[in-house]
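Biologist: I'd like to go through this one with you. Can you show it to me and explain the terms as we go?

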Amino acid sequence: MTRDGGESAPRLRMAIQKDGRLTEQTVALLRGIGLDFDVYEQRLYSAVRNFGLDLLFTRDDDIPRYVASGTADLGVVGRNLIDEEGAEVTELLPLGFGHCALVLAVPKEGGASRLEDLAGRRIATKYPRTAGRFLATRGIEAELIVLSGALELAPVLNLASAIIDISASGSSLVAHDLVPLHEISRSEAVLVAHPAATTHEAKGTLIQRLLVRLRASLAARQYKYVVMNAPESAVQAIARIVPGLRSPTVVPLVEPGWVALHTVVREDTFWEVMEQLKEAGAGGILVAPIEKMLL
């Protein structure tokens, strides 16, 4: 209830990782879309001051259960944990960070060379459900050992012949003389929701407002803002190279026969496009980051 006796506006609850590989980028993303909140080392709860959202800081493997049960309306978590828990949640948006792969790895020297070589062997993992499903689909009967610590030590200590674990860069595997034998799945951080929250009138509206901000921020990361000078005769060729979101903005310059073109270029093709623009006659190219982009 509010002070005047009326009902208070509903607020969303979002569960995010308290301390781990997704924490820093999740907090940066939320602050990047204008949310004002506090983060302290031991803090488990934080109310966003300028949006109807409360943050719950928790263990990453608890987030799927929190959202599936309705304890939290939203969660930011790796897709691999959603798959492992089999949580009945709605995926709203991939967030573009936390990329990794679930891999089956074996010792570099003397390890198995084929999946079939692991039949009857022990495999250490933190993801027994996902690992079990994978082995079953391949018709491989192996003993799964569930460990919570550093899995890379399991083959060294003769606890297991292989491991099934998350790998981001592969450096940890290399450091422990392990090599990937098979990539089971790929994952990244995703925003998920309890299904009822998305259809709730007030909470659904808040979720859509939040998604507009997130999509604008994520879209901006994929593009660079580019301004260039070019002769008028090169405009059509340049427009074919960088059509922009609809078409480039063309502004006449003081010098006759020359124009300035304003457009956007995708980050993943940036350098190839720059070379093409130079060949087409563009010069004085200025590149700037984009903070937000509403598509």
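**Talking through the sheet and the chain**

Modeller: Sure, and keep in mind that this is a predicted model. Five strands make up an open sheet, in the order 8-7-9-6-10, with mixed pairing.

Biologist: What makes strand 8 and strand 10 edge strands?

Modeller: Strand 8 (143–146) and strand 10 (178–187) each have a single partner strand, so one side of each has no neighbour in the sheet. From one strand to the next, the twist averages 25°.

Biologist: How do you know that strand 6 and strand 9 pair?

Modeller: Pairing takes at least two bridges. Strand 6 (residues 100–107) and strand 9 (residues 162–167) are joined by five bridges, so they count as a pair, and they run antiparallel. Take valine 103: its bridge partner in strand 9 is aspartate 165.

Biologist: And what packs on the sheet?

Modeller: That's helix 4 (residues 128–137), which touches strand 6, strand 7 (122–125), strand 8, strand 9 and strand 10. The direction of helix 4 makes about 165° with that of strand 8.

Biologist: Now the chain. Why is it called more spread out than a compact globule?

Modeller: The chain comes to ten helices and 15 strands. For 295 residues the globule rule gives 19 Å, but the radius of gyration is 25 Å, well over that, so the chain is more spread out than a compact globule. Along the principal axes, its C-alpha trace spans about 80 × 65 × 35 Å.

Biologist: How much of the chain is buried?

Modeller: Buried means under 20% relative accessible area, and 42% of the 295 residues are buried.

Methods
Residues are numbered from 1 along each chain as its sequence is written. This is a predicted model: local features need pLDDT of at least 70, side-chain atom pairs count only at pLDDT 80 or more; totals for chains, interfaces and linings use all residues. Side-chain values use heavy atoms; hydrogens and water are left out. Helices (H or I, at least four residues) and strands (E, at least two) are DSSP runs, numbered from the N terminus. Axes are lines fitted to C-alpha atoms, for helices over the stretch in contact, and angles run from 0 to 180 degrees between N-to-C directions. Contact means heavy atoms within 4.5 Å. The radius of gyration is taken over C-alpha atoms; the globule rule is 2.2 Å times the number of residues to the power 0.38. Buried means under 20% relative accessible area, exposed over 50%, partly exposed in between (1.4 Å probe, protein chains only).
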